[in-house]
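Colleague: Could you take me closely through one part of this model, namely the open sheet and the salt bridges? Please state the cut-offs as you go.

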Amino acid sequence: MSEPFALLLSDAFACVARECPAAYRAMRESLGERCVELCVGDERLLVSLSDAGGEVSTSNGEAEVRVRTSDRTLHALLCGHADVLECLLDDTLFVRGDANELLAVADSTTFFIKGAVRCASTPNLLERLERRAHYSEGSR
Amino acid sequence: MTPLLRLPQVRAIASSIARTDYVRRSMWGLGGRPGHREWFHFCISEPGLTLLVNFNVADDVRAPLTPGRQMGRVVVLVNEGGSWSGDVEEVASERIRLAGGRIFLELAESRLEFDDGRFRLRALLQRTGLELDLVLEPAVFPSLASNITLAASEAPINWLVVPRLKASGTLKVGGRVRALSNAWAYHDHNWGFFSHRDFAWQWGHALSDDPANPWALVFTRLTNRAQSDVFMQALLLWRGQQQYRVLREAELTVESIGRCAAKPYTVPSVANLLVSGSVTEVPELFVVRARGGGDDVTARFDPQDVARIVVPHDHDLGTTVINEAIGRLTLKGHVRGESVAFEGRAVFEFLGSGA
């Protein structure tokens, strides 16, 4: 049984907030009060950011932007084995929202990556994502 | 074959390297200023294989500031027949051991030391299992450049280059062990308080495919970040064991033609999302012509494969991209009335910016 994606994502936000606070502040400012619905595999999460840290919940609610993908695609994107545009075109990455909302989420995501490349804990988080990707592959 | 070095020459080269290539170290932990950085870089090449190894140690100026805290990075990139592997791994301060005044660095399980006139280089990437264990014998005298002035906002840079060594040992990659025997190698060492705020470079080195050819080439060009101002540029030529000719500044013209079409390999992998899919900084052809004092040489570098190292800035959330381009170089011309010509494998670095 793999760990919940919600736990992994919460740890990733906490990692950036702790190890690269400047990147977390920029993520927070870019996203503002927006909420993102993130579906990874069978998990549906609502994601927002506050000064206290990333908030990841499984509650029902409205989101400005919806993202749907798989552990495998996410891992491939983060490891450079896949390209964002190609994933959007082949529907392994699905994104929906108004243009301005999408731009804000894209900016916030870029700052998350800028933080991640500065965090010593990122390789461990990637390994956890890789284990989830392997598990979801094996259970298909 | 190039003439075998006699024992006095071997000793003289070893002594010269020991006296100049030693670890400088940061003085931050002893009341000095923060921001020191230093790296030891090696490139090893034989037919079908190019290996890039970089041991990097810098003051860790991330908050909260802790004087004396350092951050290490071990970069190993392997190109086998055009296919890349390798990674960059960060090493925490408590796992770094340096010997100031000697050539000794230990970054976690990776280690570099200079002993008995030879470099012993061992690197281990924990996540990929990539491992190398090499002995490198310097075959030429080093060249040292101190306090090279950069932009007004940048502190000077210092470097040392040894453009010809022989490397033997083993490389373990993808579970396979590959033996290297007398592979040609290159080494440089850079240190100082410079940053990537307003500093970039183009840097390359080449040796002939023919082991009997005595020439070795190093090209350096230090610029501002926009690459619109050149702080210094030089083409250095070794003949045999000695640095033989340096052509510099206005004696050089540099031309980048076209754009390299190679699909780059990026480390760390997560930085792929911060850089574009192509390498706009690497030209299709890079030409350096140097003329002065009756000498005239032209080097033409044809990049074929590119790996890029994405380096996060200390001073902001930006990144600098170091493109490591492997390719072929032809050198033609004459120096001091003597014909100079070779064709061989070369590695050039071209800097760019990520998001």
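Modeller: What follows looks first at the sheet and then at the salt bridges.

This is a predicted model, in which local features need pLDDT of at least 70 and side-chain atom pairs count only at pLDDT 80 or more, while totals for chains, interfaces and linings use all residues. Residues are numbered from 1 along each chain as its sequence is written, chains are lettered from A and ligands numbered from 1 in the order in which they are written, and side-chain values use heavy atoms, with hydrogens and water left out.

In chain A, five strands form an open sheet in the order E3-E2-E1-E4-E5, with mixed pairing. Strands (E, at least two residues) and helices (H or I, at least four) are DSSP runs numbered from the N terminus, and two strands pair if DSSP finds at least two bridges between them. Strands of a sheet pair through backbone hydrogen bonds, either parallel or antiparallel. At the edges lie strand E3 (53–57) and strand E5 (94–96) of chain A, each of which pairs on one side only. From one strand to the next the twist averages 20°, where axes are lines fitted to C-alpha atoms, for helices over the stretch in contact, and angles run from 0 to 180 degrees between N-to-C directions. Strand E4 (residues 65–69) of chain A runs antiparallel to E5(A) and is joined to E5(A) by three bridges; Arg66(A) has Arg96(A) in E5(A) as its bridge partner. Helix H1 (residues 5–19) of chain A packs on the sheet, touching E1, strand E2 (43–50) and E3 of chain A, and its direction makes about 20° with that of E2(A); contact here means heavy atoms within 4.5 Å.

Turning to the salt bridges (a side-chain nitrogen of Lys or Arg within 4 Å of a carboxyl oxygen of Asp or Glu), the structure holds 28 over all chains. One of them joins Glu101(A) to Arg34(A), with the closest N and O atoms 2.7 Å apart. Glu101(A) lies in helix H5 (residues 99–116) of chain A and Arg34(A) in the loop between helix H2 (21–31) and strand E1 (36–40) of chain A, so the pair ties together parts that are 67 residues apart in sequence. Arg34(A) is partly exposed, at a relative accessible area of 23%; buried means under 20%, exposed over 50% and partly exposed in between, with a 1.4 Å probe and protein chains only.
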